[in-house]
Amino acid sequence: MFNTVSNSVNLALNSKDSVEKKKLFDDHVVSLLVALVVVVLLHFVLGPYLWNNVLIRLVPAIKPARWSDTFLLSMLLSLLLVR
């Protein structure tokens, strides 16, 4: 995801102001925003479900988590594990 955003920014900075490239960039940004919203919603729904119903059964020492806990954990891991 980070590489896609980086490529979009590079496209915007290095492109001429032609109408076609401007429209391509706008479409790309909209698709990135839609993808980001879908991923965040999946984290809000699937993250707590998987944590509370699957991980707690596998590791008894883990306590139940709220939606914000799982989302912030995924954000922290994505920042720490950038390729």
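Two aromatic pairs turn up in this structure, which is a predicted model. One of them brings Phe44 together with Trp67 in an edge-to-face arrangement, with 4.8 Å from centre to centre and 80° between the planes. Phe44 sits in helix α2 (residues 19-58) and Trp67 in helix α3 (residues 67-80), so this pair ties together parts that lie 23 residues apart in sequence.

Phe44 also pairs with Phe71. Here the ring centres are 5.0 Å apart and the planes meet at 55°, so the pair counts as tilted; the angle falls short of the edge-to-face class, which takes planes over 60 degrees apart. This pair, too, links distant parts of the chain, with Phe44 in helix α2 and Phe71 in helix α3, 27 residues apart. Taken together, the ring pairs join Phe44, Trp67 and Phe71 into a cluster.

As for solvent, Phe44 is partly exposed, at a relative accessible area of 30%. Phe71 comes in at 17% relative accessibility and so counts as buried, because the cut-off for buried is under 20%.

Zooming out, the protein is built from three helices and has zero strands, and its elements read α-α-α from the N terminus on. Of its 83 residues, 12% count as buried. The accessible surface adds up to about 7000 Å², and carbon and sulfur atoms make up 70% of that. Among contacts with a separation of 6 or more, 34% involve residues 24 or more positions apart.

Notes: Residues are numbered from 1 along each chain as its sequence is written. This is a predicted model: local features need pLDDT of at least 70, side-chain atom pairs count only at pLDDT 80 or more; totals for chains, interfaces and linings use all residues. Side-chain values use heavy atoms; hydrogens and water are left out. Rings of Phe, Tyr and Trp (its six-membered ring) pair if their centres lie within 6.5 Å; planes under 30 degrees apart count as stacked, over 60 as edge-to-face and the rest as tilted. Helices (H or I, at least four residues) and strands (E, at least two) are DSSP runs, numbered from the N terminus. Buried means under 20% relative accessible area, exposed over 50%, partly exposed in between (1.4 Å probe, protein chains only). Contact means heavy atoms within 4.5 Å. Accessible areas come from the Shrake-Rupley method with a 1.4 Å probe; for residues, only the protein chains shown count as cover.
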